[in-house]
Amino acid sequence: MANTDVTLGGASTELLTVQERTNGFTHKFEIDHTDIEEGTGTTDTVTVTLGSLPTNFVVTKCFLYVKEAFDYSGGEAGTLTVQVGTDGDPNNFAAAASLITTGTPVAAGTVVGAASGVIPTAAGSAGESGDALEALFTNSAAGSPSLLNVGKLVILMEIGEDLL
């Protein structure tokens, strides 16, 4: 198993406007399959750095939405999951959620993980010092991240700063 680290480009990271925040989210990240098509092993992972959490942060929501179904070229029967957290706790904000299960893509328009966006654990959801914010994609069984040929995930989060 190998891990590939990538950083999400600025065009895919967005601080939401006041009008957009009415639904309770402050940040939006869009991850396209081309951002994670790294690694050729069947058990490879790709760690996407979304950005940095500010000092005195509180994360209260993390919502995962499949905008475009992920799939492998060649009909591979692999499994792809995603979790969101920090470099020290990769699933702190969103536990592992399936994007592809044994070759069957999760349909576009599907919420994966906690439908409410509620953080699974309070521990680590607040901190006085900043931290790296990451999405960890894990491939297993067959295929590899490099064989992804379609897919887009939207991550919406509520991140407060200077609150502690």
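# A pocket, a sheet and a buried threonine

Strands β2 (13-15), β3 (27-32) and β4 (45-53) each give at least two residues to the lining of the largest pocket. Keep in mind that you are looking at a predicted model. β4 is a good strand to follow, as it also belongs to an open sheet of 6 strands and holds the residue T47.

**The largest pocket**

- The volume of the largest pocket is about 180 Å³.
- Rolling a probe the size of a water molecule over the atoms shows where empty space is left.
- In total, 14 residues line this pocket, and L15, H27, P54, I159 and E161 are the ones nearest its centre.
- Which strand gives the largest share of the lining? That is β4, with 4 residues.
- By type, the lining residues are 7 nonpolar, 5 polar and 2 charged.

**The open sheet**

- Reading across the sheet, the strands come in the order β1-β4-β11-β6-β7-β8, and their pairing is mixed.
- β1 (3-7) and β8 are the edge strands: each has a single partner strand, so one side of each has no neighbour in the sheet.
- β4 pairs with β11 (residues 131-140) in the antiparallel sense, over 8 bridges.
- Within this pairing, V48 stands opposite A135 of β11.

**From β6 to the edge at β8**

- Strands β6 (residues 79-86) and β7 (residues 94-101) run antiparallel and are joined by 4 bridges.
- To find one of the matched positions, look at V84, whose bridge partner in β7 is A94.
- β7 is also joined to β8 (residues 104-105), again in an antiparallel way, by 2 bridges.
- Here I100 stands opposite P105 in β8.
- β7 and β8 make a hairpin with 2 residues between them, and T102 in the turn has a positive phi of about 45°.

**A closer look at T47**

- Is T47, a residue of strand β4, buried or exposed? T47 has a relative accessible area of 8%, which is under the 20% cut-off, so T47 counts as buried.
- The T47 side chain makes a polar contact with the side chain of N3, at 3.0 Å.
- Leaving aside residues up to four places away in sequence, T47 touches N3, T4, D5, V6, E134, A135 and L136.
- One of these contacts, A135, is the residue that stands opposite V48.
- In a regular strand the side chains alternate between the two faces of the sheet.

Methods: Residues are numbered from 1 along each chain as its sequence is written. This is a predicted model: local features need pLDDT of at least 70, side-chain atom pairs count only at pLDDT 80 or more; totals for chains, interfaces and linings use all residues. Side-chain values use heavy atoms; hydrogens and water are left out. Two strands pair if DSSP finds at least two bridges between them. On a 1 Å grid over the protein atoms alone, a cavity is a set of points where a 1.4 Å probe fits but cannot get out, and a pocket is an open set with protein on both sides within 12 Å along at least five of seven lines; lining residues have an atom within 4 Å of a point. Grid points are joined across faces, edges and corners, and a volume is the space filled by probe spheres set on the points. Ala, Val, Leu, Ile, Met, Phe, Trp, Tyr, Cys and Pro count as nonpolar, Asp, Glu, Lys and Arg as charged, and the others, Gly among them, as polar. Buried means under 20% relative accessible area, exposed over 50%, partly exposed in between (1.4 Å probe, protein chains only). A polar contact is a pair of N or O atoms within 3.5 Å; within protein, one must be able to donate a hydrogen and the other to accept it, and residues adjacent in sequence count only if both atoms are side-chain atoms. Contact means heavy atoms within 4.5 Å.
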